[in-house]
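Reader: I have a structure open and want to go through its packing and its backbone oddities. Can we take it one topic at a time?

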Amino acid sequence: MGSSIAFACFILLSLFSVGSAEYVDVRVRGVASIANTDDNFICATLDWWPTDKCDYGQCPWGRAGIFNLDLENKTLINAVKAFGSIRLRIGGSLQDSVTYGFGYGVKECNGWKKDSSGLFGFSGACLDPNRWDEIHDFFNKTQAKLWFGLNALQGKKPDSKDKVLWVGDWDARNARDLMEYTISKGYPVESYELGNELCGGGVAARIEAQQYAKDMKKLKQLVTEMFPDGKQPKVLGPGGFYDKQWFNDFLLATGPGVLDGVTHHTYNLGPGLDPTLVKKVQDPFYLDNSAQTYKDAADSVKQFAPWTDPWVGEAGGAYNSGGKDVSHTFANGFWYLDQLGMTASYSHKVFCRQALIGGNYALLNTTSFIPNPDYYGALLWHRLMGNSVLSTVHYGSPFLRTYSHCSKKKPGITLLLINMSNSTTFDVDVLPEFNLHPWQRYEEQSDTKSTGVSMREEYHLTPEGGNIQSDVLLLNGTPLKLTESFDIPEMQPKLVDPTSAVSVAPDSFVFVSIKDFHAPACA
């Protein structure tokens, strides 16, 4: 008897030691889309920070700021070119301290200097024509779309009673000088945005909603005047943290015909030094807290500016340059990919990641330019996930996140499956939501070989050695590494029998393309 009990215990322990498996039906409603994204939904930022931008006793920006960045680096150029087309935003905390060295009034053009009285501890800096030419040469080589953030504090001064509040009308003369030079050179700028994190309570400075709306109208008038015949750049704003009352007042005062995108920022993981950061990124209940903000932002735009759409203009996860042991690793993908899926579902047209390079949260390593794991997740999303967002549900574990879109430039749908569990494998069967009889699906699947149904394409992303804090990403078991010519490696899917379940391993992300899935919305 004793030996039988011992053997049973051994079997149970063996089962638990290798983890568990859970079968999940994921249902995709392909009849109609629930939202639509921009063709360039994936976006990344280039920031102004100097080398001595430091947080928590470290200075993680190196020479990644826009004044210092090596724009001729081959790895950087190839990483951007791999997208075919990607929107890059030049902006950030110091943008409202940047002047433009164009026009007759400019006498000298200096860089950043430490200054305790300046915004974020730095004096103002100046963008000269030579660096502007180099920036546009980089954008021309990579075919990236330029979203440029303008200084919204020119002409303003701090209020005598509230030093954070800046008052006065925006002085557009320096922005005009920049635009005149840009037009004379034939340089394309896809979007101009006014100000950075000046809305609501602000960060280092703030502007009241009515005044900001007035300034935004002035920017729209300037763009209309400067581009009377050709295609006008988009006008974006306000580029700060969502505050419901402030945003509603701003949008109401701005009115129609001004904004082409309503931009807001999110750093929903808290400070970069948080010791629980690695747990937060893998906690679905914590990540769910962001959903209400995205819904509220979308509702504000729908109610007060229905002619335009919400954009996430900057999202780094953890603020103050990110977490040094988390934000550049595989683990950060739990947060990043989930945010992409969530914001797309809540009608956001664009999601701009802080940063392409620089800080701890960059898509590329700050010194070597080698892609971090989130770079490849962004690239796969850009290549596979189309504009039309589909309703996707399941009633299994909350640690399995599921999102689906019509596939990009090919028939069918593509799903993103995120397994936040470190012990459970999810075996997923993908079903049309309107199919009330799952056995019908299984009958159809049993005939796939005779009916010529296409093989399913799967991209399984896992961390090297099973360590979620690794910088090395595996695609279908193979490490993704640059080629000898510093090109981004090919990313080929695994072809799988469509009658089988999709096996989503613990601590993994899977993109799944199903060509023959019945989805009228994708026709």
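**A buried phenylalanine, then the rest**

Author: This is a predicted model. Phe369 is buried, with a relative accessible area of 9%.

Reader: Where is Phe369 in the fold?

Author: Phe369 sits in the loop between β16 and α11.

Reader: And what is its phi near?

Author: Phi of Phe369 is near 70°, a positive value in a residue other than glycine. Most residues other than glycine have a negative phi.

Reader: Which peptide bond that ends at Ala355 is cis?

Author: The bond from Gln354 to Ala355 is cis, with omega near 5°. Ala355 is in the loop between β16 (351–353) and α11 (373–384).

Reader: What joins Gly237 and Pro238?

Author: A cis peptide bond, with omega of about 5°. Pro238 belongs to strand β11 (residues 234–241). Most peptide bonds are trans.

Reader: Now Tyr56. What is its phi?

Author: Phi of Tyr56 is positive, about 55°, although Tyr56 is not a glycine. The residue lies in the loop between β3 (42–46) and α2 (74–81).

Reader: Why does Tyr56 count as partly exposed?

Author: Because its relative accessibility is 34%, and partly exposed covers the range between under 20% and over 50%.

Reader: What does Tyr56 make with Leu273 and Tyr319?

Author: Tyr56, Leu273 and Tyr319 make a nonpolar surface patch of about 290 Å².

Reader: On to the inside. Which residues touch the most other members of the largest nonpolar core?

Author: Leu88, Phe148, Leu150, Tyr375 and Phe511 do, in a core of 128 residues. The largest share of this core comes from helix α5 (residues 209–226), with eight residues.

Reader: What is Leu88 in contact with, leaving aside its neighbours within four places in sequence?

Author: With those neighbours left aside, the contacts of Leu88 include Ala44, Leu46, Val80, Phe138 and Phe139. Also among them are Ala144, Lys145, Leu146, Trp147 and Leu356.

Reader: What lies apart from the largest core?

Author: Another core, of 19 residues, lies apart from it. Among its members are Leu400, Leu415, Phe426 and Val428.

Reader: Aromatics next. How many aromatic pairs are there?

Author: The count comes to 26 aromatic pairs. One of the pairs is Phe102 with Tyr181, which is tilted: 4.8 Å centre to centre, with 45° between the planes.

Reader: Where in the chain are Phe102 and Tyr181?

Author: Phe102 is in the loop between β5 (98–100) and β6 (125–127), and Tyr181 is in helix α4 (residues 173–184). They are 79 residues apart, and the pair links distant parts of the chain.

Reader: Is Phe102 buried or exposed?

Author: Phe102 is buried, and so is Tyr181.

Reader: Which residues do ring pairs link into a cluster?

Author: Ring pairs link Trp48, Phe67, Tyr100, Trp112, Trp132 and Phe148 into a cluster. Phe148 also appears among the residues that touch the most other members of the largest nonpolar core.

Reader: Last one, Ser93. Buried or exposed?

Author: Ser93 counts as buried, because its relative accessibility is 14% and buried means under 20%. Its place is in the loop between β4 (87–90) and β5.

Reader: And what is Ser93 in contact with beyond its neighbours within four places in sequence?

Author: Leaving those neighbours aside, Ser93 is in contact with Asp47, Trp49, Phe120, Asn196 and Glu197.

Technical notes:
Residues numbered from 1 in each chain as written. Predicted model: local features only at pLDDT ≥ 70, side-chain atom pairs only at ≥ 80, totals over all residues. Heavy atoms only, no water. Core = buried A, V, L, I, M, F, W, Y, C linked by side-chain atoms within 4.5 Å. Buried < 20%, exposed > 50% of the residue type's maximum accessible area, 1.4 Å probe, protein only. Helix = DSSP H or I, 4+ residues; strand = E, 2+ residues; numbered from the N terminus. Contact = heavy atoms within 4.5 Å. Patch = residues over 30% accessible without salt bridge, like charges linked within 9 Å, V, L, I, M, F, W, Y side chains within 5 Å. Areas by Shrake-Rupley, 256 points an atom, 1.4 Å probe, with all protein chains shown as cover. Salt bridge = Lys/Arg side-chain N within 4 Å of Asp/Glu carboxyl O. Phe/Tyr/Trp six-rings, centres within 6.5 Å; stacked < 30°, edge-to-face > 60°.
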